[in-house]
Protein chains: 2
Amino acid sequence: MKIHHIIPLLLLAGGIIVNAQTNQTAGDSKPASSNISGQQYPQIDSELRATFHVRAPDAKNVRVRIAETFYDMTKGEDGVWAVTTPPLVVGFHYYWLVIDGVTVTDPQSETFFGYGKMSGGLEVPSKGEDFYDVKNVPHGEVREHWYFSKTTGAWRRIFVYTPPDYDQNPKARYPVLYLQHGSGEDERSWVVQGRVNLIMDNLIAEKKAKPMIIVMEKGYATRPGEPPPTSAVGQRPAGGGTNQPSRPNFVGALDDVFIKDLIPMIDSTYRTKADRENRAMAGLSMGGMQTFAITLNHLDEFAYIGGFSGAGGGFGGGTFDAKTVNHGVFADAAAFNKKIQVLWLGIGTAEPKQMRDSVQNYHDALEQAGIKVVFYESPGTAHEWQTWRRDLREFAPLLFKK
Amino acid sequence: MKIHHIIPLLLLAGGIIVNAQTNQTAGDSKPASSNISGQQYPQIDSELRATFHVRAPDAKNVRVRIAETFYDMTKGEDGVWAVTTPPLVVGFHYYWLVIDGVTVTDPQSETFFGYGKMSGGLEVPSKGEDFYDVKNVPHGEVREHWYFSKTTGAWRRIFVYTPPDYDQNPKARYPVLYLQHGSGEDERSWVVQGRVNLIMDNLIAEKKAKPMIIVMEKGYATRPGEPPPTSAVGQRPAGGGTNQPSRPNFVGALDDVFIKDLIPMIDSTYRTKADRENRAMAGLSMGGMQTFAITLNHLDEFAYIGGFSGAGGGFGGGTFDAKTVNHGVFADAAAFNKKIQVLWLGIGTAEPKQMRDSVQNYHDALEQAGIKVVFYESPGTAHEWQTWRRDLREFAPLLFKK
C-alpha cells in the first residue's frame with residue numbers, strides 16, 4: 001500500500017513511474033467488474049493486485065496509468081503487453097493505457113466521464129463491503145430529465161433518483177438531496193461511478209435512510225455569451241488536484257441555476273416536500289465547494305450541508321474570521337446550529353496531505369467558532385469514489401430526521 | 001459519397017484503406033456535436049468532410065477508422081497527426097483511432113456502446129434534418145430501471161422512455177413499444193446513439209405520434225449456467241455484419257425473458273394499456289430478427305411488428321414457404337392482416353447489397369403470400385443509426401391508431 005501514500009507528494013511533478021514487472025499474482029485473479037461484459041482483462045487477485053493485458057505487437061512502449069501512477073508494461077512474444085501492479089487501494093480508480101505516448105482508454109473497460117473525458121475505470125473489490133452492489137431489494141429509478149434554464153439560456157440534462165416506492169405511492173411527497181460531482185466529471189458520475197441508486201436502494205431497504213429524491217446536476221454553468229468553463233473540459237483530477245477555496249469560477253452562474261431554475265422546476269415536477277427542512281445539498285471535491293458556496297448563500301433554502309473531500313473556506317493557509325466569512329453566517333453559532341440540522345465534512349485517510357489538511361483546518365475553524373460539525377474519515381481510501389460512496393452511505397442516514 | 005458505396009463489397013475483406021491526405025476542407029469546419037464538450041476535433045465542414053487531429057509525437061503510424069473504412073493520418077512537425085476525409089454519409093458513425101496497430105477510442109469523443117465495446121462516435125449533420133435534436137418542446141424522461149428475471153436468474157438493467165405528460169396525468173394509461181438494439185450494442189444504444197427520447201418528444205409535440213412508453217432491453221439473455229452469448233462481447237458491427245435468419249442464438253432465452261418476465265413486470269410497474277392492441281415490438285438489425293422471432297411466436301401479445309434493417313425469414317438464398325414458416329402464421333394471410341396492424345420493414349439505400357437484398361426478398365415473399373407490409377427506404381444512409389432514427393420517425397406515427 002506504500003506506493004499510494006507517496007503519490008500525493010508527487011502529484012505536481014506529473015505522477016510517478018513504477019516498474020511493476022516483478023509483482024506476482026496470488027494465482028486467483030478474476031476479471032474486474034468494471035470490464036466490458038466478457039472481457040478477461042484487467043484482472044484482480046485476492047490481494048488486490050491488478051494484472052493488465054493489451055495486444056499491441058507494433059507498439060514500442062505501452063504503460064498503464066492508474067490515477068497519477070504509471071506502470072511499465074512488458075511485451076511478450078505473442079505481442080501482448082502485460083503488467084501486474086502491487087496491491088491497490090480498494091474502490092474505483094480511473095485508468096488509461098499509454099500507447100507510444102498517447103493516453104487512451106483500455107478497450108476492455110467500461111467508460112466513465114472523469115478527467116474531462118471518457119476514461120477507463122477499475123473497480124477494486126473491498127472485502128466485506130457490498131453496500132454499492134445490486135442486491136435483492138426494491139429498486140428505485142434514475143431518470144434522465146431535460147429542463148430549460150433561463151439563467152444559461154439553454155436546455156440542461158440532469159439525472160434524478162426516485163426511491164423504490166415513488167410510483168406506487170402517488171400521493172406521497174419526498175425530501176430532496178442535491179448531489180454534485182467533482183471537477184472534470186459531470187451529471188452522470190454519481191450514477192455510473194458512484195452507484196448512488198444502488199447505495200440508496202440498499203440503505204432504504206435496511207431502513208437506514210428515509211426514501212428521498214436525489215438530483216444530480218452538471219457542475220458547470222455559464223450565462224449566454226460567456227465562454228464555457230475550462231474545468232468542464234480540462235484533464236484535471238476530480239477536485240482539480242487542489243482544494244482551493246470556493247472561488248467564483250467554481251460557482252459562477254450555478255448559484256442562479258440552482259436557486260432560480262433547478263429547485264423550482266424540481267418542486268413543480270416531482271412530488272417533493274418543498275421546504276428547507278426537506279432540502280439538502282452535498283457534493284464531492286469541487287462539488288463540495290459549490291455546495292458550501294451555494295448553501296451558505298441561501299440558508300433559507302437548505303437545512304443540510306455536506307462536503308465530501310471539499311467544502312468551504314480559504315484554507316490553503318488563509319484566515320477564517322467567523323464574524324465575516326460567508327456574509328457572516330457563522331457569526332451567531334447558536335442561530336446557525338439551530339438552523340442547519342447537519343453540516344458534514346468527510347475525507348479519506350489516504351487522500352493527499354494538502355486536501356486532508358484543508359478539510360481538517362476548516363473543521364477546526366468551524367468548531368472553534370462554535371459550529372457543530374459531523375466529521376467523517378474513510379479508512380484507507382484516496383481522493384476517489386470509494387471515499388465518496390462511503391460519505392453518502394454515512395451522510396444519507398442523517399438526513400430529514402425531523 | 002462514392003467511397004461509401006464500395007464499402008459493403010469489401011466488408012468481409014476487413015475494410016478498405018483510403019489515403020485521404022489530399023482532401024481539402026471547405027474552410028468552415030466546426031467541432032462535431034459528438035465531441036466531448038469543448039474538444040475541437042474531429043471537425044466537419046459544410047460539405048461533410050471530417051478532419052481528425054491527434055497528438056502522438058512518438059507514434060509510428062496513426063490511422064482513423066470510421067466503421068469499416070481506414071484513413072491514413074499524416075504527422076506534422078508539432079507531433080500532431082491529421083487527416084481530412086472525403087464527404088461522409090450523414091448521421092452517426094462509430095469510429096476509432098488506430099495507434100501503432102491498436103484500435104482505441106479517440107479521447108476527444110463521447111463514447112457509445114457498439115462493436116461490443118465503448119467506441120467513439122462521429123455525428124455528421126444532415127442539412128434540414130433536426131428531428132433528433134433537443135428542441136423547445138415538452139420532454140419525457142428516460143428511466144434506468146432494474147428488475148429480476150426468473151428466466152436468467154439475475155437482475156437486468158433496462159431503460160424506459162415515459163412521455164412528457166406521464167407524471168402529470170396520474171390516471172392516464174399508455175401503449176408500449178418494445179425497442180431493441182443491434183448486435184454488439186446494448187440497452188443504452190437507443191438512448192445514446194439513437195436519441196429515442198428526443199425523437200419521440202418532437203413527434204409527440206407535433207402530434208405526429210401518440211404518447212407511448214418505450215422499453216429498451218438488452219438483446220442478450222442466458223439461462224443460469226449457460227455461457228454468455230458471444231454476440232454480447234464480439235467486436236462485430238451492428239447486425240453482425242450479416243443479415244442471417246433469426247437463428248436460435250439470436251433469441252435463446254430472450255423469448256422467455258420478454259413474455260414471462262419483462263412484459264408482466266412493465267404492465268405491473270408502469271401505467272400501460274396491457275393488451276396486444278397496445279403493444280408493439282421493433283428492433284434494428286439483430287434486434288429486428290429478435291423482434292420477428294418473438295412476435296411471430298406470440299401473435300396474441302403484439303399487434304405491431306417493426307424490422308429496421310433486419311427482420312425474419314431465412315433469406316440468404318433460403319426458401320420461404322408461407323404455409324409452414326414461423327409455425328404457419330402467414331398461412332392465412334387475411335387472418336394475419338386482420339390481427340397485425342402494421343408489419344414494417346425498413347432499409348437504408350446505402351446499406352450493403354447483401355442486407356438490402358435480404359430485406360427486399362423477405363418483403364417480396366411476404367407480399368407474394370398476401371401479407372400487408374409497410375416498406376420504407378431511408379435515402380442515402382448506411383447500416384447505421386441515421387437509418388434507424390428515420391425508421392423510428394416513420395414507424396412511431398403508425399402505432400396505436402385504433
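**Two chains, strand by strand**

Tutor: Start with strand β7 of chain A. β7(A) pairs with β8(A), residues 80-87, in the antiparallel sense over 2 bridges. Keep in mind that this is a predicted model.

Student: Why are β7(A) and β8(A) called paired?

Tutor: Pairing needs at least two bridges between the strands. β7(A) and β8(A) have 2 bridges, so they count as paired. T74(A), for instance, has A82(A) as its bridge partner in β8(A).

Student: Which sheet holds these strands in chain A?

Tutor: An open sheet of 5 strands, in the order β2-β3-β4-β8-β7. The pairing is antiparallel.

Student: What makes β2 and β7 of chain A edge strands?

Tutor: Count the partners. β2 (30-31) and β7 (74-75) each have a single partner strand, so one side of each is left without a neighbour in the sheet.

Student: Which strands form the open sheet in chain B?

Tutor: 5 strands, ordered β2-β3-β4-β8-β7, again with antiparallel pairing. At its edges stand β2 (30-31) and β7 (74-75) of chain B, each with a single partner.

Student: How many bridges join β7(B) to β8(B)?

Tutor: 2 bridges, and the strands run antiparallel. T74(B) stands opposite A82(B). The minimum is two bridges, so β7(B) and β8(B) pair.

Student: What makes β13(A) and β14(A) a hairpin?

Tutor: Look at the pairing, then the link. β13(A) (141-149) pairs with β14(A) (154-162) in the antiparallel sense over 9 bridges. One of the partner pairs is S149(A) with A154(A). There are 4 residues between the two strands. G153(A) sits in the turn, with a positive phi of about 70°.

Student: What else does β14(A) pair with?

Tutor: Strand β16(A), residues 213-216. 3 bridges join them, and they run antiparallel. Y161(A) has I214(A) as its bridge partner there.

Student: Where does β13(A) meet chain B?

Tutor: At β13(B). These two strands pair in the antiparallel sense over 3 bridges. R143(A) has R143(B) as its bridge partner.

Student: How do you know that the two copies are related as by a two-fold axis?

Tutor: Superpose them. A turn of 180°, with a shift of 0.0 Å along the axis, lays chain B on chain A with an RMSD of 0.0 Å. The copies are thus related as by a two-fold rotation axis. The contact surface is shared too: 100% of the contact residues of chain B recur in chain A.

Student: Which residue of chain B comes closest to the rotation axis?

Tutor: R143(B), with its C-alpha at 2.1 Å.

Student: How many residues does each chain bring to the contact?

Tutor: Chain A brings 47 residues and chain B brings 46. The area buried between them is about 3800 Å². Carbon and sulfur atoms give 54% of it.

Student: Why does E110(A) with R188(B) count as a salt bridge?

Tutor: Check the distance. Their closest N and O atoms are 2.8 Å apart. The cut-off is 4 Å, so the pair qualifies. Between chain B and chain A the count is 6 salt bridges. Polar contact is found in 19 residue pairs across the interface, both residues at pLDDT 80 or more.

Student: Which strands of chain B supply at least two residues each to the side that touches chain A?

Tutor: β10 (102-104), β11 (111-114), β12 (117-124) and β13 (141-149). The largest share, 7 residues, comes from β13(B). By class, this side of chain B has 18 nonpolar, 16 polar and 12 charged residues.

Student: What makes the bond between Y41(A) and P42(A) notable?

Tutor: Most peptide bonds are trans. The one joining Y41(A) and P42(A) is cis, with omega about -5°. P42(A) is found in the loop between β2 and β3 (43-44) of chain A. In chain B, Y41(B) and P42(B) are also joined by a cis bond, with omega about 0°. P42(B) lies in the loop between β2 and β3 of chain B.

Student: Why pick out the phi of Y115(A)?

Tutor: Because most residues other than glycine have a negative phi. Y115(A) is not a glycine, yet its phi is positive, about 60°. Y115(A) lies in the loop between β11 (111-114) and β12 (117-124) of chain A.

Technical notes
Residues numbered from 1 in each chain as written. Chains lettered and ligands numbered in written order. Predicted model: local features only at pLDDT ≥ 70, side-chain atom pairs only at ≥ 80, totals over all residues. Heavy atoms only, no water. Contact = heavy atoms within 4.5 Å. Buried area = accessible area lost by both parts, 1.4 Å probe. Salt bridge = Lys/Arg side-chain N within 4 Å of Asp/Glu carboxyl O. Polar contact = N/O pair within 3.5 Å; in protein donor to acceptor, adjacent residues only side chain to side chain. Nonpolar A, V, L, I, M, F, W, Y, C, P; charged D, E, K, R; others polar. Least-squares fit on C-alpha atoms with pLDDT ≥ 70 in both.
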